[in-house]
Amino acid sequence: MSTETIDLKTKLLADFQVRESLMNGEASSAFHQKKRAAIHRFEELGFPTVRNEEWKYSNVKELISESYHFNADSSLQLADLQDLRIPEQVANILYFVNGQYKPELSSIVSSTEKIIIDSLQNAYKQNPELVNRYFNELTDESEAFTALNTAFTLDGLFIHVPDNQVVEQPVILRFISDAREENVASQPRNIIVVGKNAQVKVAEAFRTLGEQRSFTNAVTEIFVERDAHVEYYKVQNESENAYHIGTTQVNMKDKSHFYAGTVTLNGKFTRNNLNIALDGEYCDAHMYGLYFPDGSQHVDNHTIADHRKPNSESNELYKGILRDKSKGVFNGKIFVREDAQKTNAFQSCKNIVLSTEASMNTKPQLEIFADDVKCSHGTTTGQIDEEALFYMRSRGISKNEAMSLLMYAFCADVISQIKIDSIREYLENVIAEKLSKK
Amino acid sequence: MLSINELRASIEGKEILKGINLEVKPGEVHAIMGPNGSGKSTLASVLSGREDYEVTGGSVTFDGKDLLELAAEERAAEGIFLAFQYPVEIPGVTTINFLKTAVNEIRKYKGENPLDAAQFLKMVREKAKLVSMNDSLLKRALNEGFSGGEKKRNEIFQMAVLEPKLAILDETDSGLDIDALRIVAEGVNSLRSPDRSAIVVTHYQRLLDYIVPDFVHVLYKGRIVKSGPKELALELEEKGYDWIKAEVEEVG
Ligand SMILES: Nc1ncnc2c1ncn2[C@@H]1O[C@H](COP(=O)(O)OP(=O)(O)O)[C@@H](O)[C@H]1O
Ligand SMILES: [Mg+2]
């Protein structure tokens, strides 16, 4: 282990001590006790190395080799965000810059009977008991980055949709890393609680400004109560110097529906963990993913569909197009517990690798302890279909245009799953642009 | 218009075309017949620019240009169209979108402005009617799940939209019932004009009842071994290819 890795860990542990010493009475709260337990866990675990099976193909050495200014203040104005365009839509839009909530940039349009939307910090001030009821209740104790996020939870989003409420306007979270002046880091923590028979759509969009490094370590916990319907999208369009570790932890109760769409457009190093517990009967979970690494980018998607109860269905489709010297990793776990009879679980990961120096590593992992289940999985990694390419060229379509049409067609079924119009249109444009690049 | 001289081509080191000579003048329709495996599809592929084949000798000029120097898309823009023996299915790309891209790419090549959506749609509707192509097929993914007949009709529809100078039809008639055959032939005939030509590859005389050729050629073992007027097709239909094979073996 290099000395730098010890440095970042040691520095973080020391930071925690300082913060704690400044807390006065709040240090004894139940909320803080969770954080204290988390820092101890992080201390034990340390940053993962490639010897850890879950991190075998994703080396964080480079990520932890430099120091970062956590939660740095930023003078960012809306005008600085012009090129981060997402088409206009009536939506609840919340801005976070370097992890800090920016109410002056944000707008909330839905009524408070329908949905409580607030920064985690404000929500905690208003109702500590409510927030604490959900905070860190779903997370995986063995993940060092999650423990680190928990220990340093400062801000993020808190959403509570009461029972039976249908929220029409989506909630769009815009996380901006302002790395114009220095290396910055943020650890947003989001909690989304969707009551019985309620419906909501939430999107997290990550962007970077500037050329310095950014490190984002995001954790989102989503509680999907019975009969609820939740759509959750994550769009990463970060810089060539952006390191992103993201974990989304979902718990679903009876007859609930959950859709996740994870799209990684850009970023130096991206690791997404999407862990769904189908903790009820007759639920359905859907996971869609797209990634387009180029240059020396690295994208790793780890997913879990954990079937804990009978009669539920999970359905997963991830697709990637890899160029240059980029690397992709897909690890999809399906657990079917002993009780979870009559489970249907489908998983598919398809990739186009456009360069001999790019590589894709796929690993489906099925652990099935029930006997009456339907499970299928498949992965493909190939090139552009040469027959199709010639067919198009024989009609006058240039090779580049034909390639981008074919690649776009390859992604189209995933893009169409994104049901927030402004986000989908944004993706359609950015992806078409990206694919027409030679 | 098209002048093929001693054309030789091979794939994976195996020579398939062994010196083809063919002259197609404006307005002419040439039929190419011959047993399976003779090299008919290979000739069509080489003319339209498929890169799997290696041209090992000879030359092809099209409207005075060295055809073999051009990429497949450039040949299409110059006015060559191949109706595929086995049209390719392309999931995720609708027929209409595909054709719009093709039309506008060709216009760009010629230095013309792209058609706007309304102009394009109007043109496409007319052409679709011409080949009795159902509107609903246009909105579906290109050839995906189309029946054999629908795929062939789609080829002719695309040809009608792109209005090529030289259309090469590779067994467009096989697998079609008589009604579909008639529609395909009407599509081809509607394009006939003093400055447009066609090469029709077929096994059967019956297509040539509808698309009457000026010349019939027999391709066998990579060479054109016999050429004649349209009556040659009738003779082949009646007598098969054995007599031609025998003639070739005799000459040696
Ligand atoms: N991709 C290929 N690889 C190897 N051999 C091929 C390939 N395509 C065609 N051939 C061979 O070339 C010969 C001519 O084929 P083809 O042009 O399809 O004949 P036709 O269309 O007259 O039936 C056949 O012997 C066939 O096996
Ligand atoms: Mg053939």
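**View 1. Four strands of chain A contribute to the lining of the largest pocket in this predicted model.** β12 (242–252), β14 (269–278), β16 (298–307) and β18 (327–336) of chain A each supply at least two lining residues. β14(A) gives the largest share, with five residues. The pocket holds about 520 Å³ of space. In total, 30 residues line the pocket. Nearest its centre lie A:Asp140, A:Ser142, A:Gln249, A:Asn275 and A:Ile304. The lining of this pocket is mixed in class: eleven residues are nonpolar, ten are polar and nine are charged.

**View 2. An open sheet of four strands in chain B.** The strand order is β2-β1-β4-β5, and the pairing is antiparallel. β2 (14–24) and β5 (65–66) of chain B stand at the edges. Each of these two has a single partner strand, so one side of each is left without a neighbour in the sheet. Strands of a sheet pair through backbone hydrogen bonds, in a parallel or an antiparallel sense.

**View 3. The pairing of β1 and β4 in chain B.** β1 of chain B spans residues 2–11, and β4 of chain B spans residues 54–62. Seven bridges join the two strands, in the antiparallel sense. B:Asn5 can be used to find the register: it stands opposite B:Ser59 in β4(B).

**View 4. Helix α1 of chain B lies across three strands.** The helix covers residues 40–48 and lies across β1, β2 and β4 of chain B. It runs at about 110 degrees to β1(B). Eight of the nine residues of α1(B) are buried, so the helix is largely enclosed by the rest of the structure. The buried residues are B:Lys40, B:Thr42, B:Leu43, B:Ala44, B:Ser45, B:Val46, B:Leu47 and B:Ser48. B:Gly49 follows α1(B). The phi of B:Gly49 is positive, near 100 degrees.

**View 5. B:Glu28, a buried residue in a loop of chain B.** B:Glu28 sits in the loop between β2 and β3 (29–33) of chain B. Its relative accessible area is 15%. That value is under 20%, so B:Glu28 counts as buried. Leaving aside neighbours within four places in sequence, B:Glu28 is in contact with B:Glu23, B:Arg196, B:Ser197, B:Ala198, B:Asp214 and B:Phe215. B:Glu28 and B:Asp195 are 167 residues apart along the chain. Their C-alpha atoms are separated by 8.5 Å.

How values were computed:
Residues numbered from 1 in each chain as written. Chains lettered and ligands numbered in written order. Predicted model: local features only at pLDDT ≥ 70, side-chain atom pairs only at ≥ 80, totals over all residues. Heavy atoms only, no water. Pairing = 2+ DSSP bridges. Contact = heavy atoms within 4.5 Å. Axes fitted to C-alpha atoms, helices over the stretch in contact; angles between N-to-C directions. 1 Å grid on protein atoms, 1.4 Å probe; cavity = no way out; pocket = protein on both sides within 12 Å on 5 of 7 lines; lining within 4 Å. Points joined across faces, edges and corners; volume = space filled by probe spheres on them. Nonpolar A, V, L, I, M, F, W, Y, C, P; charged D, E, K, R; others polar. Buried < 20%, exposed > 50% of the residue type's maximum accessible area, 1.4 Å probe, protein only.
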